Amino acid sequence: MTGFPNAFAWRAACAADAVLTTWAGPWAVCFAIKSGSVATIFNFVEGQVAADPVPPAFILTAPEAIWARFLEPVPPRHHHGIFAMMYRLPEFSIQGDELVFMQHAHIARRVLEVGKWLALGRSLPVPVSLHPRAGARGVPAVAGRYVPVTVGGIPYQVYSESAGSGQDVLCMHTAGADGRQFHGLMADPRIVEHHRLISFDLPWHGKSPPPEGAIQGSWRLNTDLYVALIMGFIAAAGLQKPVALGASMSGEICLELAYRHPDSFAGIIACEACDKINQRQTIWAAHPHVNQAQFVPEWIRALSAPESPAEYVEQITWHYGQAGPQVFFGDIAFYSGEWDARERVGRIDTSRCPLFMLTGEYDYSCTVELSEATAVKIPGVRFQAMQGIGHFPFAENPKRFAEYLLPILAELKS
């Protein structure tokens with residue numbers, strides 16, 4: 001196979017790979033990776049690489065030129081992962097049994113990582129993550145507490161963490177995650193010296209439990225509930241005109257806050273946001289035949305940029321594997337379903353509250369183009385594309401994101 005290693009060496013490396021060996025168990029799958037007209041088949045029996053391949057259940061196929069870009073040490077955007085290619089490259093396709101692929105997406109991804117490592121001429125063993133290592137993460141000095149918030153007559157116990165002192169910055173996590181995403185920023189002395197970062201876990205997320213008597217799997221987020229929870233938390237926590245910071249679904253709600261409550265914020269920083277996102281809801285995040293704890297981290301893995309440090313990317317995927325039943329699915333019901341601000345973002349008054357929009361170049365869900373098209377509709381907004389960053393800017397590469405964030409915070413403080 002052009003670009004990839006020969007089939008014998010590739011399968012042998014997979015058979016010895018520590019990650020695939022750890023995942024061995026009572027499962028079997030056969031699939032192929034096809035470059036141009038040449039396919040390499042991988043057959044797993046009892047979770048281990050086996051001889052005598054059978055007909056593959058699914059095939060990942062693309063022209064040689066597409067795989068060549070994937071195999072670059074730092075691939076161009078949309079070429080850096082299975083779901084990025086599936087979403088944004090029409091030349092790439094997944095043929096065959098879609099359910100079987102979704103059940104084994106983590107296996108296919110790891111096989112591709114092993115193939116890329118060999119294709120780059122690196123020596124074995126293959127590291128757990130092909131992302132670069134940046135050294136130990138800083139440890140934030142956080143204080144945690146529960147804040148009671150009542151919305152629609154329902155009492156919620158909302159877990160919150162804070163670090164630093166100075167101007168308040170309200171930090172809102174992405175779909176299916178929690179406030180741990182901000183620990184990187186909270187450990188940055190450049191930020192916490194003059195700002196108090198306050199994060200909170202939405203109900204059902206992280207350390208915030210579901211309300212009493214709620215049915216597991218029933219969480220569904222919508223715009224009105226989201227706004228009410230945020231404004232209720234601000235009031236209950238005693239925040240006075242904080243700066244709002246969010247990304248992805250919390251970037252979307254930042255636009256809504258700018259529209260509904262501009263006088264309540266000193267500034268709003270909406271990352272990875274646009275007025276309407278299509279085709280990001282997936283039935284597989286709620287499918288009884290798909291392991292949510294394995295699938296959801298794969299669904300979001302390629303949203304991080306290839307240059308983001310492994311320590312942070314691994315942490316993001318770990319968080320996404322810990323969510324409760326259908327919590328991610330319920331968030332995406334808002335993010336790529338009920339949320340539609342196309343008819344109102346143009347009425348945001350940035351003279352009442354400064355609005356900044358930042359989007360990472362590797363975000364294949366809310367692309368730079370989608371964010372910029374929304375920014376064009378908003379008079380006075382400040383838009384900037386972030387190089388070398390993906391969909392989780394404050395979580396996947398907090399040091400690089402801080403270079404974009406600090407000038408904005410300084411401007412809002414002056």
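**Note on the predicted model: sheet, packing helices and selected side chains**

1. In this predicted model, five bridges join strand β12, residues 355–360, to strand β13, and these two strands run parallel. Within this pairing, L358 of the chain stands opposite Q384, a residue of β13.

2. The two strands belong to an open sheet of eight strands, whose order is β6-β7-β9-β8-β10-β11-β12-β13 and whose pairing is mixed. At its edges lie β6, spanning 143–151, and β13, spanning 382–386, each of which pairs on one side only. On average, and with direction ignored, neighbouring strands of this sheet are turned by 20 degrees against each other. As background, the strands of a sheet pair through backbone hydrogen bonds, in either a parallel or an antiparallel manner.

3. Two helices deserve attention for their contacts with the sheet. Helix α9, residues 223–237, packs on the sheet and touches β6, β7 (154–164), β8 (167–172) and β9 (195–200), and the direction of α9 makes about 125 degrees with that of β6. Helix α16, residues 398–413, lies across β8, β9, β10 (243–247), β11 (267–271), β12 and β13, and α16 runs at about 175 degrees to β12.

4. The structure holds 25 aromatic pairs, and one of them is formed by Y87 and W299, which are arranged edge-to-face with 5.9 Å centre to centre and 75 degrees between the planes. Because Y87 lies in helix α4 (residues 82–88) and W299 in helix α11 (residues 292–301), this pair ties together parts that are 212 residues apart in sequence. As to solvent exposure, Y87 has a relative accessibility of 23% and therefore counts as partly exposed, whereas W299, at 3% relative accessibility, counts as buried.

5. Y226 and F334 form an aromatic pair that is also edge-to-face, with 5.3 Å centre to centre and 85 degrees between the planes. This pair links distant parts of the chain, with Y226 placed in helix α9 and F334 in helix α13 (residues 327–338), 108 residues apart. Both Y226 and F334 are buried. Since α9 is the helix that packs on the sheet and touches β6, β7, β8 and β9, a reader following Y226 in the structure can start from that helix.

6. Charged side chains placed over aromatic rings can be inspected at two sites. The charged end of K116 sits over the ring of F70, at 5.3 Å from its centre, and R344 lies over the face of W339, where the distance from the ring centre is 5.5 Å.

7. Some backbone details should be checked in the loops. The peptide bond that joins L124 and P125 is cis, with omega at about 0 degrees, and P125 is placed in the loop between α6 (105–119) and β6, the latter being one of the edge strands of the sheet.

8. Q279 has a positive phi of about 65 degrees although it is not a glycine, and its place is in the loop between β11 and α11. With a relative accessibility of 65%, Q279 counts as exposed. Q326, likewise not a glycine, has a positive phi of about 60 degrees and lies in the loop between α12 (310–320) and α13. Its relative accessible area is 23%, so Q326 is partly exposed.

Note on methods. Residues numbered from 1 in each chain as written. Predicted model: local features only at pLDDT ≥ 70, side-chain atom pairs only at ≥ 80, totals over all residues. Heavy atoms only, no water. Pairing = 2+ DSSP bridges. Helix = DSSP H or I, 4+ residues; strand = E, 2+ residues; numbered from the N terminus. Axes fitted to C-alpha atoms, helices over the stretch in contact; angles between N-to-C directions. Contact = heavy atoms within 4.5 Å. Phe/Tyr/Trp six-rings, centres within 6.5 Å; stacked < 30°, edge-to-face > 60°. Buried < 20%, exposed > 50% of the residue type's maximum accessible area, 1.4 Å probe, protein only. Lys NZ or Arg CZ within 6 Å of the ring centre and 35° of its normal.
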